[in-house]
Amino acid sequence: MLPGERRGKLAELHGLLGEARAGAGRLAVVTGPAGSGKTLLLRTFYDDAARSGTSSLSATASRAARSVPFAVLEQLFRGARGHVPAEPVGRILRLLDEGASASLRDCLEPGASDRIGAHVFHRVCMALLDLMDETEEPLVIGIDDAQHADTASLQILFAVLRRLHTGRLLLVLAESETSQPLDVLLKAELPSEPVTRRLRLGPLPVADVEELLAPRLGRTAARRKAAAYRDVSGGSPLLVRALLDDDRRARPDDQRPAADRAYREAVLTCLYRCGSDLLDFARQLALLGDTFDRTLLHHLVGLDSESTQRAIDVLRAAGILGGDRFRHSQARVAVLGDMTPEERSDAYARAARILHKNGAPATAVAVQLLASEQIGTSCSVTLLQEAADQAMGDGQVHLAQDILHYADLHPADRRQQAVTTAMLVRTEWLTDPTAAARWVPDLMVAAEDGQLASGHVSTLIGALLWFGKIDAALDHLGRLRDPDWSRDPLTAAHRHARSKWLTLLYPPAAAALGERDRDASTLRTDLPFAADPQSQVAELLADLMSCAPGVPGAQAAERTLRRYPFSAGTAAALAAALVVLVLCGRLSTAARWAEGFAVAAEERDLTVWHAVFTALAAEIALRRGALEQAERFGRSALGILPAEGWGVLIGLPIATLLQARTELGRLDQAQELLNLPVPDVMSHTTAGLPYLRARGRYHLACGQPEPALADFLTVGNQLKEWGLDLPAFLPWRTDAAEALLRLGRVHDAAELAEEQRELTDRRQPYVHALSLRVLAACRPLDRRTELLREALKTLQQVEAPLELAQAKADLAAALQELGRHDEGRLLLYQSRYLAEEAGVQAPGRTVALEPALASAVPAGRGPGGITAVKELSDAERRVARLAARGLSNRQIAGELFLTVSTVEQHLTRVYRKLKVRGRSELSQAVPADPPRKTAARGQESAPGRPDSSCASVGGRRAR
């Protein structure tokens, strides 16, 4: 069955046959790419013509017989059947034999092998004209694959056609598009219009593809899958039918067709029909694979740009290429699979030599060498190392690893081998630190033998720090002070960066460094880019850890995030900058960056950094009060990178996840985390302190204040000893104060809470408010409410919904004791609402309405009121909260970028849903959002503004 567009071409052929029947000889040239359906079109036309009584002669030219004179004519007339007169046919065959014999006997001179003697030419033409006169019906002569026809046969046929003024002859030639244009002589001798008519078969449109699919798949499935089939096949009928054969083994619900054996065979059929030149061209394309580049292709195939473009155009038309690439990966598999293993290996090796000789990028050459699997001394290890560097720069970490493993197999001197090992450590650490660890002993030996440059020694130090080999890291850090390197700015940059990171991660190592690295203690501003981001941010983080965080630190961190694009080389600096933002309380900003970097790392297959940024996103979510999100991110971080791959940093993701599960009341799941093995050396690192603190919070939630207090005091003693006692990092004093209150040691708790308040100010609003709330629990009732109101006022500046809920509950209890029940009930409700919005039902520190007071909450404003508030739309809830805060309709409209009329409509619906009569009752039913400073003043944006949409990505309070 011919699809719709092809039926139109068939109708054109019937029209030409009608003209021939009327006595006007015609020539139809049907062109199209291989597999476009030319042969099917001709066969359908022959069958239709035979049913109408028209005689047909057909032949298929072949590439092998192209140089044989009269090969096509002989095929035509030896296969003559039907109503064709026998006597003229026999005479023509005898003449053709005579002409062929004469051609061989005369040994025609070079360049004239396709010409025939004038007498033979004339006699064959006359015999054909006589045949035309003896046939009652028009004669159809069809030649398929006419691009391979011998010149002698075509010259005679064209000559007869031109002499027929009233002859009933239709000559149909079907030719496939090739990479080379048709012979100039043949193009010159084609009869002109209107005798000659060209019909081109292009790619099938989607509607015709659907028509081909319908009989096999059904009309509904065909309509659903037609576009995908058209995309994979390029509209080639041959490839569509092949995909249909493969589709029988695919799942019925698959939208994209399954390309398998039938598709691969059809691709090869197309290529072989296109000719050896295009087959070889496709092989070169397949060899290049993902490293395809027009310039590389020119070098490889040895064609000029015009010939290259024509070859690409032909393969596009055949449905094999889409743009400059194979439409489906199985097409490349088919082309490569058509070669023997030896042919492929030699072809890849040859491609590598040609590309290298013509100055192709090192990665392109290395890809060919990898595929060749040929190992020999002729391969330059230096070239492979350069290629691995290029691959890393392009974000192709797995390619870099493959290249380096290949380089490791080649003979090399000690220095080259040491460089390869260092590069393997650096690249494999990005995806699997435990795999990279197996190279570290060899790298340590190379460093001791002086075979490594400073950058590779820095790589070694980083690996040693990650796995807790502190003494070895200190030893190799000392090597960076080698006199031969002392004046090298790059070495100074590496030494400075590693020194800072060493003292940040292992504070006890600072004393061991002592005077040796005094020259590295001052930040350099002229360091090379390769080490500069890490040095700059390490310095910033070190400064922040030794003093109170503030606006300058946050601004410097944001400059770093904007300045350096994400890559394997800048990821450590960007992670440190995010930590600075978190310590400075810029949680919304940090959340956007962290989640963006996690996605970027995943796209680049940088497993370690994907895990690290996911863990940072979890910590930020924890601090913002989004406990479920913190738990989900925390689980993801430990799933992306197994525990053994985290090295000493394993304490960070475990601490975040442990605290999230504790706050959510999932104490059994929290206990499972404490059973995970952690390195002993972790307790001597800053990464171990959050782990200890989270474990203490877990003990406190389990009603075990004694072990909790021990953990908190251990954290405090370590921080003091290391000179890192920063409450914004770990507020251990209020943690310990809570444990002391549980033990009844009120005086000791008050001392710790007061001490922490004195160490903080309003530049650290969260920790300051936390200190006030815990201190209030230690004070008499009259002083308690004053401190709690101050804490609530401070908490309005930050995102800390759970801490705000706890403070409201504490103040409500104090007000109840003072007999101010109405205000107490309102605060209790708001506390409960904030806790439930954070997803907390009944964890250790979450507020719950006391039974005696729950019944006193007005109807519609207790638990039922919570349900009513949750029925509000997001827009209604934003308007209601601002109204509850006391803003006028005009102020709400300006805050949310709405019209005043829209605000009024929202409020009307809010009153109806909450069953309140106005603003006076609204403040009791809906907790007001805490007012925030605008972004222009360095704080988070006001609720409802466009840039506050990320507030839904929240986390636990900043500890």
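This briefing covers the nonpolar cores, the cysteines, one loop and one helix residue. The model is predicted. Its largest nonpolar core holds 161 residues. A search of the whole structure finds 0 disulfides.

**Nonpolar cores**

- Four residues of the largest core touch the most other members: Phe-566, Trp-609, Phe-613 and Trp-646.
- Helix H31, residues 607-624, gives this core its largest share, with 10 residues.
- Phe-566 touches Trp-609 and Phe-613, not counting residues up to four places away in sequence.
- On that same count, the contacts of Phe-566 also include Ala-571, Leu-574, Phe-597, Ala-600, Ala-601, Arg-604 and Leu-606.
- A second core of 49 residues is separate from the largest one. Among its members are Leu-730, Ala-739, Ala-791 and Ala-812.

**Cysteines**

- The whole structure has 0 disulfides.
- Cys-270 is in no disulfide, and its nearest cysteine sulfur belongs to Cys-274, 6.4 Å away. A disulfide needs the two sulfur atoms within 2.5 Å, so this pair does not count as one.
- Cys-270 has a relative accessible area of 0%, so it is buried.
- Cys-778 is also buried, because its relative accessible area is 12% and the cut-off for buried is under 20%.

**The loop between H32 and H33**

- Pro-642 sits in the loop that links helix H32 (627-640) and helix H33 (651-663).
- Ile-650 lies in the loop between H32 and H33 as well.
- Which of the terms buried, exposed or partly exposed fits Pro-642? Pro-642 counts as partly exposed, because its relative accessibility is 41%, and partly exposed runs between 20% and 50%.
- Ile-650 has 1% relative accessibility, so it counts as buried.
- Pro-642 and Thr-434 are 208 residues apart in sequence, yet their C-alpha atoms are 9.6 Å apart in space.
- Ile-650 and Tyr-691 are 41 residues apart in sequence, with 8.9 Å from C-alpha to C-alpha.
- Leaving out residues up to four places away in sequence, Ile-650 touches Leu-638, Ala-643, Val-678, Pro-679 and Met-682.

**Glu-876 in helix H45**

- Glu-876 is part of helix H45, which covers residues 874-884.
- Is Glu-876 buried or exposed? Glu-876 is buried, because its relative accessible area is 4%.
- The side chains of Glu-876 and Arg-909 are joined by a polar contact of 3.0 Å.
- Beyond neighbours within four places in sequence, Glu-876 is in contact with His-906, Arg-909, Val-910 and Lys-913.

Methods: Residues numbered from 1 in each chain as written. Predicted model: local features only at pLDDT ≥ 70, side-chain atom pairs only at ≥ 80, totals over all residues. Heavy atoms only, no water. Core = buried A, V, L, I, M, F, W, Y, C linked by side-chain atoms within 4.5 Å. Buried < 20%, exposed > 50% of the residue type's maximum accessible area, 1.4 Å probe, protein only. Helix = DSSP H or I, 4+ residues; strand = E, 2+ residues; numbered from the N terminus. Contact = heavy atoms within 4.5 Å. Polar contact = N/O pair within 3.5 Å; in protein donor to acceptor, adjacent residues only side chain to side chain.
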